[in-house]
Amino acid sequence: MSSSTVGAAADRDGRNGPEGRGSRDGRAGRDGADRVWSVDEHLRDVLATIRPLEPIELQLLDAQGCVLVEDVTVPAALPPFDNSSMDGYAVRVADVQGASEEFPAVLTVVGDIAAGSAELPPVGPGEAVRIMTGAPLPPGAEAVVPVEWTDGGTGGGPATAMTARREPLGEVRVHRPATARAHVRARGSDVGAGEIALSAGTVLGPPQIGLLAAVGRATVTVRPRPRVVVLSTGSELVPPGEGLAAGQIHDSNSFMLTACARDAGAIAYRVGAVGDDPATLRATLEDQLIRADAVVTSGGVSVGAYDVVKEALSGLPADEGSVDFRRLAMQPGKPQGFGRIGPDRTPLFALPGNPVSSYVSFELFVRPAVRALMGLAPADRTTVRAVCPEGVGSSPEGKRQYLRGHYADEAVHTVGGAGSHLVKALAHANALIVVPEDATSVEAGAEVDVVLLD
Ligand SMILES: Nc1nc2c(c(=O)[nH]1)N[C@H]1C(S)=C(S)[C@@H](COP(=O)(O)OP(=O)(O)OC[C@H]3O[C@@H](n4cnc5c(N)ncnc54)[C@H](O)[C@@H]3O)O[C@H]1N2
Ligand code: MOO
């Protein structure tokens, strides 16, 4: 078996890593008990079982980030009426023709229209109406002159603003001419009645939610956010805020994974840590399934004597679903469980307990699944090529390694080592450096694939 270095000549010649293990095209391992799955195979298997959630009608703000499943047509034109785009005076074009500061057009102010006003005094020859931005254009008016082009009714020089509130009507001196429709926003100039405002398949971000509100929709039909239940396992775990006895550590995974689930778009429920007792774990899962579109557990999937998730969920009776525990050609994240459990065959991800392993596993497998449940494209992270100035000394042969990195200015630096317990390094990384299965090191200055995490 030969090993290879990213950036070295052997790699550039296209020689690959060991056969029958991981490889660039995502093939991995032999059949049988010692079978090892590639990252790509596992993701494919996971996504093959995920079906988008049934659409429901949601209030606009609850639909943020969701995929629309209906075409939304516009019931009435937007804007619904001709209106002013400036604070100023609604005038007739002929009345202000040739107006200048030296020879202003002097008009009689016959009314005042605020936005929202339904009372529209008509503008006759020689007349003007004071009008605010967004207020309907009154009958007879052909254009709006901004207040800065007038004396504001003061009899002095050019105004900089209107006087507050209602002032006695009088005269206004207009210092410039205006063309027809100047500073008028036409009815329907944004979108016409009967047009499609948004098509099915649109992801609702803030501007789309703004548009829906603008056309009068209070609710929309979307695929909902999945409800993801997160629970950690391990008798050593104590919630943050509590003191630690000998051998105990704080449960960080359930918090991190709950945050991951939210970040992926889910409604996440964190369940506290469950001890290493299979019966308790099974009972807890049974209780939680009622509110879950997916379940994520951490810990208890390796080969130890107290690997509770594996013990509780291996070999389930056929009517309770099934969970497959397997080894992947990746580091971190080698041991993984995935299956569907309970009466609704709810997808369950049994992630490894080491915190970095849990995080990377969520990124690679759960995040795409959450997105698929929402009807979104599963992959959303950007992968870029970047120079790795210090390189990577060694990477496990036949495994795809995800190292923590900090990416900036087209270069990526490793953050911390490969240990899957290094939570501080994870918290200071903004990217994952991918060392492919067929590489056992990366030359200093070579280019690598980098998955950007934000
Ligand atoms: N003999 C072998 N031992 C191990 C193997 C192996 O192949 N042979 N694989 C190692 C790998 S790789 C991983 S990853 C872990 C996965 O183990 P488990 O999923 O069973 O996880 P635990 O044993 O429960 O915990 C591992 C580690 O992580 C800490 N942990 C667990 N849960 C939390 C949590 N909620 N918050 C913070 N830290 C947590 C736990 O205390 C352990 O230190 O197995 C290796 N072993
Ligand atoms: O896979 Mo473990 O995830 O290497 O620490």
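**View 1. Which residue in strand 20 is the bridge partner of W37?** The partner is L328, and the two strands involved, strand 2 and strand 20, pair in the parallel sense over two bridges. (Strands are DSSP runs of E with at least two residues, helices are runs of H or I with at least four, and both are numbered from the N terminus; strands pair if DSSP finds at least two bridges between them.) What you are looking at is a predicted model, where local features need pLDDT of at least 70 and side-chain atom pairs count only at pLDDT 80 or more, while totals for chains, interfaces and linings use all residues. Residues are numbered from 1 along each chain as its sequence is written, and chains are lettered from A and ligands numbered from 1 in the order in which they are written.

**View 2. Here is the seven-stranded open sheet, in the order 2-20-22-23-19-15-18.** Its pairing is mixed. Strand 2 (36-37) and strand 18 (267-274) are the edge strands, and each pairs on one side only. Further in, strand 20 and strand 22 are antiparallel and share seven bridges; one of the pairs puts R327 with P335 of strand 22. Strand 19 (residues 294-298) and strand 23 (residues 346-351) run parallel instead, joined by four bridges. Look for S298 there, opposite L351 in strand 23.

**View 3. Helix 2 is draped over part of that sheet.** The strands it lies across are strand 2, strand 20 (321-328), strand 22 (335-341) and strand 23. Helix 2 runs at about 10° to strand 22. (Axes are lines fitted to C-alpha atoms, for helices over the stretch in contact, and angles run from 0 to 180 degrees between N-to-C directions; residues are in contact if their C-beta atoms, placed from the backbone, lie within 7 Å.)

**View 4. Helix 2 also packs on helix 8.** Two packed helices are described by the angle between their axes and the distance between the axes. For helix 2 (residues 39-49) and helix 8 (residues 355-373), that comes to about 30° and 10 Å. So helix 2 is roughly parallel to helix 8 (the cut-offs: under 35 degrees is roughly parallel, over 145 roughly antiparallel, 65 to 115 roughly perpendicular, and the rest oblique). The crossing is right-handed, that is, the near helix is turned clockwise from the far one by less than a right angle; anticlockwise would be left-handed. Helix 2 brings V39, H42, L43, V46 and L47 to the contact, and helix 8 brings L364, F365, P368, A369 and A372. Nine of these residues are nonpolar, one is polar and none is charged. (Nonpolar covers Ala, Val, Leu, Ile, Met, Phe, Trp, Tyr, Cys and Pro; charged covers Asp, Glu, Lys and Arg; the others, Gly among them, are polar.)

**View 5. Helix 8 has another packing partner, helix 5.** The angle is about 25°, and the axes are 10 Å apart. These two helices are therefore roughly parallel to each other, and helix 5 passes helix 8 in a right-handed crossing. From helix 5, look for N253, M256, L257, C260, A261 and A264; they meet P355, S358, Y359, F362, R367, V370 and R371 of helix 8. That contact has nine nonpolar, two polar and two charged residues.

**View 6. A three-stranded open sheet comes in the order 3-14-4.** Its pairing is antiparallel. Strand 3 (56-59) and strand 4 (67-68) sit at the edges with a single partner strand each, so one side of each has no neighbour in the sheet. Strand 3 and strand 14 share four bridges, while two bridges join strand 4 to strand 14 (residues 219-223). Start from V222 of strand 14: I56 stands opposite V222, and L68 stands opposite V222 too.

**View 7. Ligand 1 and its surroundings are next.** There are 27 residues around ligand 1, and S232, N253, G299, S302 and G353 come nearest. (A residue counts as near if its C-beta atom, placed from the backbone, lies within 6 Å of the molecule or strand.) Helix 5 (253-264) and helix 8 each supply at least two residues of this shell. By class, the shell has nine nonpolar, 14 polar and four charged residues.

**View 8. Finally, here is the shell of ligand 2.** Around ligand 2 you will find Q331, P332, G333, K334, P352, N354, S357 and S420. Sorted by class, two are nonpolar, five polar and one charged.

Note on methods
Contact = placed C-beta atoms within 7 Å.
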